[in-house]
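Student: Please take me closely through one part of this structure, and set it in its surroundings.

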Amino acid sequence: MVKGLYTAYTGMLVEQNRMDILSNNLANAATNGFKKEGSTATAFKDQLALKIKDISENNVAKKLGSVNLGAKVGETYTDWSQGNYKVTDNESDVALDGNGFFAISYTDKSGNTSVKYTRDGAFTVNKDGYLVTKDGDYVLNENGALNNNGSAASYIKLNPNEKYTIDEQGNIFQNGSAVAQLGVADVSDYNYLQEFGENMYDLKNGGQVIKSNATVNQGSLEASNVNVVSEMVDMITISRAYESNQKAIQTIDGTLDKAVNSVGKV
Amino acid sequence: MIRSLWTGASGMIAQQTNVDTISNNLANVNTVGYKAENAEFKSLLYQTMQEKTTSANGANKPIAAQVGLGTRLASTTSDFTQGTLTANSSNSAFGIQGDGFFTVKGSDGKTYYTRNGNFSWSNGTTGTTLCTQDGNNVLDSNGNAIVLPAGTSSDNVTLNSDTGVIGYTDKAGAYHSMNQSIGLAQFANPSGLEKMANSLYGATTASGTALNEYTNTNLTKSVVKQKYLEASNVELSEEMVNLIVAQRAYEMNSKVITTSDDMLSQANQLKR
């Protein structure tokens, strides 16, 4: 009886976590390069239920079968499908078509520099001519992206007073000559990419950077790939599943109430 | 649960800023020299929900299960693309084709920059001076005010669009150069300019210092056209689509909050 209370409670927790992830998807419905996330639920391990101390069975333990005590979060996953393009005609906006990421040199508050990966190509050229993200983190060139090198040698430096064009391979041209190559890297196993926030992904130990075959499109941005309709439908199922788990708890509570307060009444 | 409430709220705040930006663009659709702005967003930090995760076939995954905490405004970026040059009957209307900015002396004595070339002549203490509609002096390439010699009518002022040199024709029809060029400045990073009221921009450390187009030979010189004004570069259809997206996104985030609230209330009803 009390077992069921906790089983329904784990169900509520799982739905709550799904709701948290879904609300993050909807909050980022307008974030450039955002990839939809989701979570799966897995059942707890089946437990063997035994009947013990039954006098009618001469106190011999008897197997009743397996019982499952609820669910927990299995994994969170990212849907890496392509988002649609938004044409901005801004020369510092780039979007990737295909599998790949821009590499960003990210320096945290304590001064540690690491390479992060992003699909958000809303860059800008700062006054010194470096190609940077809107937060001022440096965008890396081909060498920096493929060799995980976030040092100053991998930054992309342009002449800030000249127009530039970027071709499909990521080569940046100024005045007709190639000045740098925008780094685009892919990873061999997307399971090693962990969300970092700020539109960036972290590559965990064991993940491998490989050459990407994505093409670079200047003058457009990749919109978020969140599908509003499916998120709204998911929201309905989540709130109803939550509600039914709540009803299960209330029903068990009702039976307990009977057992406690009504049994033994004349 | 509280997580999703705050996540929904962060989405609503972000979309509100988005609508604010779009409505400012729409309000300035007829402002001379206005540059459209765009709000851009980034995801907030992620929180680890569960360290150990398993994929569908039960294998351990290298990463933890994480949940994002919403969104934030990353930047509002001005789009400095060229606006359409529209013909104007005023002799003191100027439109810039290129990346330059007019230089203007503000009332506080500092130099400001603008794309709005809707100037007029006013009678200042030193003579007939070229100024903005707010009475701030327009500067020449050396940072001086542009003052007409006494007895010259402002109707006869001409500007050579190739060189930027200002001159006038006298009563007899002869041309006299004033040996002054209308001031034009460029910036290494125009997105870093600080936006001010009255279509003015201020230089910041992010934009870099103003580069004089006449003295910096490596700049592509812009062309100033007299009797033309640069229209706002706001694209109405694009803004309307953005407005629809922003409003619906706002709505969806409010649904997240009501649903989370419903779930909280159900949790609350557990104990009778």
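Tutor: What follows is a close look at one helix, then at the domains and the chain contact around it.

This is a predicted model, in which local features need pLDDT of at least 70, side-chain atom pairs count only at pLDDT 80 or more, and totals for chains, interfaces and linings use all residues. Residues are numbered from 1 along each chain as its sequence is written, while chains are lettered from A and ligands numbered from 1 in the order in which they are written.

The part chosen is helix H3 of chain A, residues 228-262. Helices here are DSSP runs of H or I with at least four residues, strands are runs of E with at least two, and both are numbered from the N terminus. H3(A) has 35 residues, and 50 Å lie between its first C-alpha and its last. That is close to the 51 Å expected at 1.5 Å a residue, where the expected span is 1.5 Å times one less than the number of residues. After H3(A) comes A:Gly264, with a positive phi near 100°.

Which residues of H3(A) are buried? They are A:Met235, A:Ile238, A:Tyr242, A:Asn245, A:Gln246 and A:Ile249. Buried means that 20 or more other C-beta atoms, placed from the backbone, lie within 10 Å of the residue's own; 12 or fewer would make it exposed, and anything in between partly exposed. An α-helix has 3.6 residues a turn, so residues three or four places apart point the same way. The cover over the buried residues of H3(A) includes helix H1 (2-27) of chain A and helix H2 (236-268) of chain B.

Chain B also meets chain A more widely: 53 residues of chain A are in contact with 60 residues of chain B, contact meaning C-beta atoms, placed from the backbone, within 7 Å. On the chain A side, the elements giving two or more residues include H1, strand S1 (37-43), strand S4 (71-78) and H3. H1(A) gives the most, with nine residues.

Within chain A, the assignment, automatic or from a database, gives domain 1 (2-44 + 72-79 + 227-262) and domain 2 (85-222). The centres of domain 1 and domain 2 of chain A, taken over C-alpha atoms, are 37 Å apart. Five residues from domain 1 of chain A and eight residues from domain 2 of chain A make up the contact.

Methods:
Two residues are in contact if their C-beta atoms, placed from the backbone, lie within 7 Å.
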